[in-house]
Every structure is written in structure tokens, then in C-alpha cells.
Amino acid sequence: MNIALIIAGGSGKRAGQDIPKQFINIYDKPVIIYTLEGFQKHPEIDAIEVVCIDGWHDILRAYAKQYNITKLRWIVSGGETGQESIRNGVYFLKDTCKEDDIVIIHDGIRPMIEEEVLSDVIVKCRQYGNGVTSLPYNEQIFRIIDERSTKEYIPRDSLRRVQTPQAYTFGKLLWGYEEAFSKNIGIHGSSYTNTMMVDLGETLYFAKGSDKNIKITTSDDFELFKALLTTKKSSWMK
């Protein structure tokens with residue numbers, strides 16, 4: 001079984017909005033529904049679990065019914081941090097998942113998930129036990145000396161930027177969160193499942209990524225999302 005674990009527990013403060021950004025309407029549809037539709041349409045996704053901010057569970061259920069998100073089976077409450085939210089979602093699946101089931105973790109505020117990206121992360125997880133969506137860096141990266149200067153760069157061909165979706169076998173995912181929270185490893189600050197797994201000594205395997213797979217964090221990102229929704233690829237481009 002392949003289960004999508006969608007993280008929608010954030011309050012949206014960085015976007016400067018009055019409601020959580022995952023529930024803001026873009027062209028008369030909430031951001032979270034765009035995200036869920038990508039998983040609803042994918043033939044290899046069997047069920048969806050959403051970790052949702054408290055007070056919005058009933059609204060999410062209503063939207064799911066309105067937009068025919070029939071794969072949504074569970075809504076659970078988030079935690080104080082992103083890692084606590086993911087942990088809550090993982091622990092909730094203890095009585096549902098087998099060890100070799102695949103759990104695909106994805107940010108609810110990444111609404112441009114493409115079928116081929118989702119397919120590849122599942123393929124890599126079946127092959128290696130995990131798969132993390134990634135892309136090369138196209139910019140130069142420098143280490144800072146202070147706020148004004150640098151004398152050292154990091155070769156960009158040695159770097160990858162990692163996004164969600166990320167896929168893990170349930171047995172390894174459950175082990176990871178139990179281990180991390182019992183030993184206080186990889187669960188603070190901006191840590192995520194991928195960084196936590198590396199902190200626990202695991203090897204991660206890259207899957208296909210996409211530049212369209214934007215994360216809506218600021219108000220400018222909403223405008224970029226709107227532009228991507230209305231942009232069509234030119235017929236002459238390969």
C-alpha cells in the first residue's frame with residue numbers, strides 16, 4: 001500500500017496572511033486541494049492522510065467532499081514543530097501500515113506536484129527503501145566570512161537541493177521517528193525527515209525533481225503559483 005502523508009499543520013505566519021496559507025483560495029480553490037488533487041489522480045496512491053492545523057479539520061473534510069478527494073482517509077492534528085507534525089502522522093499509521101508499505105511525505109503548500117515526480121519517488125523507494133525528490137543547484141554557492149564578504153565557494157556539482165515528496169518504507173520511517181525522539185536527534189529547528197535520517201546514519205537516494213514544485217512560503221510565492229497555473233509550454237520547445 002502507498003500512503004500519502006500530507007503536512008498541512010502550519011499557521012502561515014511567514015506569508016503574512018490572516019488564515020493558514022494552505023487554505024487560501026487561488027482561482028476559487030484552496031491551495032491544499034491543488035496539492036491533494038495531485039495524489040488523488042495518481043494511480044499508485046491508495047490513501048491520503050493529512051496532518052492538519054487544529055480548528056481546520058472540518059473545513060478540510062468539507063473541501064475534500066466538494067472537490068471529490070475520495071482517497072482522503074485520515075486527518076490528524078499537527079504538533080508544535082514540523083517534525084512533531086510528521087511524527088504524529090507516522091505514529092497514527094501504526095495500526096494501518098505494514099513494514100514494507102510506502103509512505104510519501106509531502107508539504108501541503110507544494111501544490112504543483114507532477115505525476116512523473118511522484119512516480120519516480122515511489123520507484124526509488126521500492127528499489128532502495130527510500131527516495132527523496134531532488135534537483136541540481138544552478139547557482140554558485142559561497143560560504144560567508146561575515147555579512148559583507150567571502151573567500152570560499154562550494155562546487156555546485158557536489159550539491160543537490162532536496163524537496164518533497166520524500167518516500168520511505170513505513171518500517172524504516174517508524175524506526176526513524178522513534179529513534180530520533182527518544183535520543184533527541186534531528187528533530188529541532190528546520191530539520192525534516194530527510195535531514196533526520198542522515199543524522200541517524202541512513203543513506204538517502206535521489207529521485208526526480210521539478211522546478212515547478214514550488215513551496216509557498218511568502219506572499220510572492222502565491223503570485224508565482226498563479227503564474228504557473230496559467231502558463232502553457234510553447235509548442236516549439238523540446
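Buried means under 20% relative accessible area, exposed means over 50%, and partly exposed covers what lies in between. Keep those cut-offs at hand for this tour of a predicted model.

**Stop 1: a pair on the surface scale**

Select Glu152 and Arg143. Their side chains meet in a salt bridge, at 3.3 Å from N to O. Is Glu152 buried, exposed or in between? Its relative accessibility is 43%, so Glu152 counts as partly exposed. Arg143 has 45% and therefore falls in the partly exposed class too.

**Stop 2: two salt bridges inside helices**

Now go to helix α4, residues 115–128, and pick out Asp120 and Lys124. The two form a salt bridge, with the closest N and O atoms 2.9 Å apart. They sit 4 residues apart in the helix, about one turn. Colour Asp120 by accessibility: at 15% it counts as buried.

Next, select Glu179 and Lys183, whose side chains meet in a salt bridge at 2.6 Å, N to O. Both belong to helix α5 (residues 170–183), and because they are 4 residues apart there, about one helical turn separates them. If you want to keep hunting, the whole structure holds 11 salt bridges.

**Stop 3: the sheet**

Switch to a cartoon view and find the open sheet. Its 7 strands follow the order β3-β2-β1-β4-β8-β5-β9, with mixed pairing. At the edges are β3 (72–77) and β9 (206–207), each of which pairs on one side only. Helix α2, residues 57–66, packs on this sheet and touches β2 (47–52) and β3; its direction makes about 165 degrees with that of β3.

Move on to β1 (residues 2–8), which runs parallel to β4 (residues 102–107) and is joined to it by 6 bridges. Zoom in on Asn2 to see Ile102 of β4 standing opposite. On to β2: 6 bridges join it to β1, again in parallel. Here Ile7 has Val51 of β2 as its bridge partner. Helix α3 (residues 82–92) lies across β1, β2, β3 and β4, running at about 150 degrees to β1.

**Stop 4: strand β2 and its surroundings**

Isolate β2. How many of its residues are buried? The count is 6 of 6, so β2 is largely enclosed by the rest of the structure. Turn the strand to check both faces: Ala47, Glu49 and Val51 are buried on one side, and Ile48, Val50 and Cys52 on the other.

Add β3, which pairs with β2 in the parallel sense over 5 bridges. Ile48 stands opposite Leu72 of β3. Bring α2 back as well, and you have a right-handed β-α-β unit made of β2, α2 and β3.

**Stop 5: the nonpolar cores**

In soluble globular proteins, nonpolar side chains tend to be buried together. Show Leu36, Phe39, Ile48, Val50, Leu60 and Ile104 as spheres: among the 29 residues of the largest nonpolar core, these touch the most other members. Two or more residues come from each of β1, α1 (31–41), β2, α2, β3, β4 and α4. Which element gives the most to this core? That is α4, with 5 residues.

Centre on Leu60 next. Setting aside neighbours within four places in sequence, Leu60 is in contact with Phe23, Ile32, Leu36, Val50, Cys52, Leu72 and Ile75. Finish at a second, separate core of 25 residues, which includes Val90, Cys97, Tyr168 and Leu173.

Technical notes. Residues numbered from 1 in each chain as written. Predicted model: local features only at pLDDT ≥ 70, side-chain atom pairs only at ≥ 80, totals over all residues. Heavy atoms only, no water. Salt bridge = Lys/Arg side-chain N within 4 Å of Asp/Glu carboxyl O. Buried < 20%, exposed > 50% of the residue type's maximum accessible area, 1.4 Å probe, protein only. Pairing = 2+ DSSP bridges. Contact = heavy atoms within 4.5 Å. Axes fitted to C-alpha atoms, helices over the stretch in contact; angles between N-to-C directions. Core = buried A, V, L, I, M, F, W, Y, C linked by side-chain atoms within 4.5 Å. Right-handed = clockwise from strand over helix to strand, strands pointing away.
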